[in-house]
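Work through the exercises below with the sequence and the model at hand. Each task is followed by a solution in steps.

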Amino acid sequence: MQNYNQTAEFLWKIADLIRDYYEETAYEDVILPFTLLRRLDCVLETRHEQVTAEYEKFKTAPPETLKRLLCRAAGQNFYNTSEFTLTKLTKAPADIGENFGKYLDGFSDNIKDILYNFSGGEEKGLSPLYETLLRKNLLLVVTQAFTEADLSPEAVDNHAVGTIFEYLIRKFKEARNAAAGQHYTPRDVIRLMVSVMFAPDIEHLKQAGRLVSLYDPACGTGGMLTEGKEYLLKHVKSDLEVYLYGQEIQEKTYAMCKADTLMKGEQADNIKQGNTLSEDQLKGKTFNYMLSNPPFGEDWKNISSYIEAQAELGYAGRFGAGLPGIDDGSLLFLQHMISKMDETGSKIAIVFNGSPLFNGDAGSGPSNIRKWIIENDWLDAIIAMPGDLFYNTNIATYIWLLDNRKPPDRAKKVQMINASTPEYYQKLKSSLGKKMVEMGGEQIEAITKLYLANQPGESCRIFEGIDFGYTKVTVERPLRLSYTVTPAKLDILSEQKNFIKLALSNNKDQKKKRAAIEAGQAKQKQLQAALLAIGEQGTIKDDGDFFARLEKRVDFKLSKAMLKELRDTFGEKDETAAMVYTDYQLEPDPELRDAEYIPLKENIEEYFAREVKPHVPDAWMDRDKDKIGYEINFTRYFYQYQPLRSIDVITADLLAVETETDGLLSLIVNLTGQEAGQ
């Protein structure tokens, strides 16, 4: 079997043929689909004539029957019914354009689906795959170049050709540096995810006849699925059967993933295209293992109506726990994956940035999602990874591990692993986009051992799920108002809604309406006169006293709305005034309202008496407003105090800087003098 690294390099260098005609970012539009076509050609070559004969014989049969017959004839789950192969196309150079179209049209629908998506979707058809090359007089030379690559099963097996295809994908993405991370998760990240997820289950999976399903709802080019299966086959070494499933929204990326899956001999139809959040193409299916690196910080505005409708279904839908902020849908992906957990046992490994750990106050969507996950005891571990690890971002990233069938020693516990420190990564010789570090095999093994040991230490902390929860308790302080009545405030009152309403009437009987208005105007005058009389007595520092005096001077009952209007108009905040009561209940001052975040393990009454009352004796708790929240403050759990430098050390540093500066200044003066003298 040939060296597939040499084959991969050969295919990569075919891009030299189109260098002067295509932008570098467009090379993959030619090389990747032609690599697929060449592999398909080589696989189908030995039974090509049998397939074309079978097609001629049964082409009028029902489509499904014909498909089964042709797949059987090809010995594959795909076929080509045209008379052409890539090699035969080069034998008639003058007709290559017309014949290429017939060649592509002869493929089975699953291959056409891949080729359509390489071209940007079915609406564009297959023509972009060859018409641009034809117009640039490159179709023949590119086709001939690919026929020189031996991608037959005898030369490269399914695994090797998949590796070749992944190599090409990676080379194209790395050539585009800034965009690499959008579709390509670094292999070291995936290997860590796979290792910590599968390592505890290896002995269990070695039992005969095991079937495993592996799913990625944002599968990109399929790297996580590939690494997951390779890890299992390497470590289990039995008759384990692994079935891969995925969905990807970007058409070209989906085509790459499906082509790679197909070339590895997998069930490529298990790879779906579409928006996972709004168009679940694997509805009703559950999976044993799930891995994903969903987009960071991408909004879900375009599908908000669907997401909100799903949320209204509660737990009958996929987003019943709550909705994250419209600007980041990553927690929607996690809820979707949880909906795919099998009740017999499923595990999830997902990459997040820091936001899902702590964003959102108690009662918000993100907090409620964390609450749901932790209280159901699904959160198993969180691993903080090094910065500068991804191609397109250097922000802090974390792996969340979920398990709906935790072993007894991990039940009700959550493990925190800090793998962001130097012993868990190494610097790259040269950066790839923003990726400047990587986790090597030994480092991934060390992190996995930390996870398996599940013991507290310098890089590991163990918490109970309840440790992340808190009660947000609203703390009120009394409203205290003093009252003064001035002409200016009376003018303000005359413009207020409820004061004006006193002299309004909707009575249709004009006589009664006029009488009502006159009566209302009399009330207004009476109220104003009463207020003026009270104002002459000076400032009143008791809300109850103020309104008692007022009610003695008017012969009608003041509505609650009117009382509030009077309070807002004439009352002024005054810490020395008496507390305000409404219906025998203390009236809180909204401006003094505060909240205490009390750990769930704390007794709220004891906490309040200890931490709040000594400082604000007039405060009370409004327990009707209690909200339970959950947040994970990862940085705080691993914080290490760094003592401040002494005055002597700081002084020495300042003197050293001053000395360096003086020397530099002298040098500048000397150089300036020399230039002036020239």
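**Exercise 1: a buried pair**

In this predicted model, a salt bridge joins the side chains of Lys347 and Asp201, with 3.1 Å from N to O. Task: state where Lys347 and Asp201 lie in the chain, and whether they are buried or exposed.

Solution. Step 1: Lys347 belongs to strand E5 (residues 347–353), while Asp201 sits in the loop between helix H12 (187–198) and helix H13 (202–205). Step 2: the two are 146 residues apart, so the pair links distant parts of the chain. Step 3: Lys347 and Asp201 are both buried, which means under 20% relative accessible area.

**Exercise 2: a pair at the surface**

Task: find which parts the salt bridge between Glu591 and Lys573 ties together, and classify each residue by accessibility.

Solution. Step 1: the N to O distance between the side chains of Glu591 and Lys573 is 3.2 Å. Step 2: Glu591 is in the loop between strand E16 (585–586) and strand E17 (594–599), and Lys573 is in strand E14 (residues 571–573), so the bridge ties together parts 18 residues apart in sequence. Step 3: Glu591 has 67% relative accessibility and therefore counts as exposed. Step 4: Lys573, at 42%, counts as partly exposed.

**Exercise 3: a nonpolar patch**

Task: say which residues form a nonpolar patch with Ile650 on the surface.

Solution. Step 1: Ile650 is part of helix H28 (residues 647–677). Step 2: its relative accessible area is 31%, so Ile650 is partly exposed. Step 3: Ile647 and Leu654 join Ile650 in the patch, and together they have about 300 Å² of accessible area.

Methods. Residues numbered from 1 in each chain as written. Predicted model: local features only at pLDDT ≥ 70, side-chain atom pairs only at ≥ 80, totals over all residues. Heavy atoms only, no water. Patch = residues over 30% accessible without salt bridge, like charges linked within 9 Å, V, L, I, M, F, W, Y side chains within 5 Å. Areas by Shrake-Rupley, 256 points an atom, 1.4 Å probe, with all protein chains shown as cover. Salt bridge = Lys/Arg side-chain N within 4 Å of Asp/Glu carboxyl O. Helix = DSSP H or I, 4+ residues; strand = E, 2+ residues; numbered from the N terminus. Buried < 20%, exposed > 50% of the residue type's maximum accessible area, 1.4 Å probe, protein only.
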